[in-house]
Structure formats: structure tokens, C-alpha cells
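I opened this entry to look up what surrounds the ligand, how some helices pack, and what the record annotates.

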Amino acid sequence: MRSVGILGTGAYLPEKRLTNADLEQMVDTSDEWITSRTGIKERRIAADHEASSDLAVHAARQALDKAGISAEQVDLIIVATVTPDMSFPATACLVQEQIGAHKAATFDLSAACTGFIYGISTATQFIATGSYKYALVIGVECLSRIVDWTDRNTCVLFGDGAGAAVLGPVKEGYGFQSFELGGDGSGKDLLKVEAGGSRLPASESTVANRMHSLFMNGREVFKFAVRMMTSASDEVLTKANLTMEDIDLFVPHQANLRIIEAAMKRYGLAAEKVVVNLDRYGNMSSASIPVALHEAIEEGRVSDGDTIVLCGFGGGLTWGATVLNW
Ligand code: ACO
């Protein structure tokens, strides 16, 4: 099996900012409540003409550029998203056409906020076995399109964006050291968009009852998230024969600052070892981790030989983590 790592990353955030002050005009909330309960100050919202594939294409082009790989060299495109442009064709096909990755296999992956971790784990198997050489993994969401803007419990939490990574063979000892993936369908009702699929196709009543919008049992998801953030990280570190003390950078899913702080406390992690950008973007589901990683790289927080943990959790319920030698 050959070693597989990240060759380049990219990100795209729509221009429009929606601040907590803006939300105060829309629902019964306050900057104080949102900041103290979540850490979020503002989030980005896609323009009317932008869909997930448009955001993804920007991030993909940047990742290819950073990796020094042309679109023609890409063998596989995986788009992790819960907000595809449409049910089908896959958003990965739309991205493939736009960037001109003509020989790439293409599919979407649905694992909510854990989607990017599931995506890089899947792509790694193809590259490690020699089936493919280069893969483009994108986490992208236009969550603003499925948020109920009258529901203060959820609308303050989410944002739009895209993050991408080009994966390929790396020198032995570098790249992904271990993965941990998990799911628990018994939590399916804690976080969902109920209608629009084969069980409850769109109808006047599903629209009237707002069943095409995101529903979340925040308290239960919070407890699950705090538990999984550390158990998935513990699992992946054990598999790699490491402890959190060996880690140079921790890139958690950006759902709530209190969830991240709970993990920092448990591991005794200093702030400079943890990437946090949810204050600026909110929770972008599958895009959160790749955008956070990309920004950390761009800010010079990642050096050759660094050991990095990426860790996510989300609807499904799902969770996942990986250890990466940069
Ligand atoms: N502004 C003001 N008050 C609010 C708001 C708001 N925006 N939202 C809720 N409240 C109220 C509630 O109505 C409740 O009032 P009540 O006590 O009178 O009923 C009160 O604030 C407290 O609500 P809680 O749910 O207890 O608030 P909590 O401290 O748990 O914070 C939050 C809520 C932020 C949603 C938190 O539970 C959380 O972060 N959960 C996890 C979310 C998450 O991690 N999602 C990740 C996966 S996302 C994905 O996969 C797409």
C-alpha cells in the first residue's frame, strides 16, 4: 500500500456576510445569546446565482493550483454535501464538467458534517491500492438554502462555503496515518431534513409544514458532539500509536466553540494548537474542516513534518477522524 497525503488545499467563502446584528432584525435573538452560546459572530451566505457546485469549483481550482496538479490528471472527484445542486446528477459531475477533469470518476457522499472525513478516507483507499493516483475531495454546503429563517434555534448556527483538498501519493511516513469512521442511525431524528426524498416527496403539506428545512435537537446533538469529538480522536490516535501530546495542530468540526473548548480542556490543548474559524463562518457542515485546514496552512500554522488531527461529527449520526503527517 502506498502512502497517501494532501498535496494542496483550497477554500471559497461567498462574499455576503450575515452578522449577528442582522439576525437580530430577523428573529428574536441577540448577539449576546449567539456569541455566548456558540462563539459565532457572522456567517457567509451564497448569492442568489450561486449553488453548491459554484462554490465547490472555486475551492477545487485553488486546491489544484496549490497542488500543482492539472484537472486532466484528476482520477476521482468526491463531493461531500447535504446541499447538492439537485438530487441528481451528482454535484461531483457538475464540478467535473466545470473544471474540465474529463477522466475523473465522480460521486457525491452524504455524511453531513463528517462528509469531508468520509470523503478523504474513501479517496485514500483508491490511491493507497494504486487504483487511482490523484483525487479531489470537496466539502461544500449552501446551508442557507435549507435553513428555516424563522427558527431561531437553527438559523443562527449555519453558513455557506466550500473547502477542497487534492490527495495523492506521498513519501513513506507522510500523509494519513489512521482513520476512524462511525455511524449511529438510531440518532437519525436528531438532525434532519425530513421531506423531499422518497419517503416524503415534496407536496403542498410538506412545504406548509416547513419539512424541507433543517431540524435539529440542539441539546442532544451537543451531548453527542462533546462525547464523539474526544472518542473519535482517541480512537484515531491509538491506531496511529500517538497521544494528543504528539499533535501539532487539531482541526475540529466548527459547530460550537463550547464543544471545541470541551475537547481542548479534556486534552489540555493550548489555543495555538487548535484551529477555530466558526466566529467568522458559523457551521458550514462538510465544508468546515477543509476550510479550517486551508486557512491554517495559508496562515503558516502548518510546517513540514507536523502531525495534525482532523475530527468531525454530524447528522446521521456520523463521526470521523484522521491523523495526518504533513
Ligand atoms: N436566540 C435566543 N434564544 C434562543 C436561540 C437564539 N438564537 N435559540 C434558542 N434559544 C433559546 C431556546 O428557546 C431556549 O429557551 P427556553 O429555555 O425558554 O426553552 C434557550 O435559548 C436555551 O436553549 P438550549 O437548547 O438549551 O441552548 P443551548 O445552550 O443548548 O445551545 C445550541 C443551543 C447552540 C444549538 C447547542 O445546543 C448546540 O450547539 N448544539 C449542537 C449543534 C451541533 O453541534 N450541530 C453539529 C451538527 S450540524 C450538522 O450535521 C449539519
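I sort residues by side chain as follows: Ala, Val, Leu, Ile, Met, Phe, Trp, Tyr, Cys and Pro count as nonpolar, Asp, Glu, Lys and Arg as charged, and the others, Gly among them, as polar. On that scheme I find that the shell around the ligand divides into 11 nonpolar, 9 polar and 3 charged residues. I note that this is a predicted model, in which local features need pLDDT of at least 70 and side-chain atom pairs count only at pLDDT 80 or more, while totals for chains, interfaces and linings use all residues. I number residues from 1 along each chain as its sequence is written.

**Ligand shell.** I looked up which residues come nearest to the ligand, and of the 23 around it (C-beta atom, placed from the backbone, within 6 Å) they are T29, G218, F222, A255 and G314. I then asked which helices (DSSP runs of H or I, at least four residues, numbered from the N terminus; strands are E runs of at least two) supply at least two residues each, and found α2 (31-38), α6 (152-155) and α8. Helix α8 gives the most, with 5 residues.

**Helix α8 against α9.** I followed α8 (residues 218-239) to α9 (residues 257-267), where the two pack at about 35° with their axes 9 Å apart; axes are lines fitted to C-alpha atoms over the stretch in contact, and angles run from 0 to 180 degrees between N-to-C directions. The crossing is right-handed, meaning that the near helix is turned clockwise from the far one by less than a right angle, anticlockwise being left-handed. In contact (C-beta atoms, placed from the backbone, within 7 Å) are F222, A225, V226, M229 and T230 of α8 with I259, A262, A263 and R266 of α9. These contact residues divide into 7 nonpolar, 1 polar and 1 charged.

**Helix α3 against α4.** I find α3 (residues 52-67) and α4 (residues 91-99) packed at about 50°, with their axes 9 Å apart. Therefore α3 is oblique to α4, since angles under 35 degrees count as roughly parallel, over 145 as roughly antiparallel, 65 to 115 as roughly perpendicular and the rest as oblique. The crossing of α3 and α4 is right-handed.

**Annotation.** In UniProt (unreviewed entry), I see residues 107-185 annotated as "domain: Beta-ketoacyl-[acyl-carrier-protein] synthase III N-terminal"; UniProt positions use the numbering adopted here, feature names are shortened, and annotations may be inferred rather than shown by experiment. That span, 107-185, is 23% helix and 38% strand, and its end C-alpha atoms lie 22 Å apart.

Key: Two residues are in contact if their C-beta atoms, placed from the backbone, lie within 7 Å.
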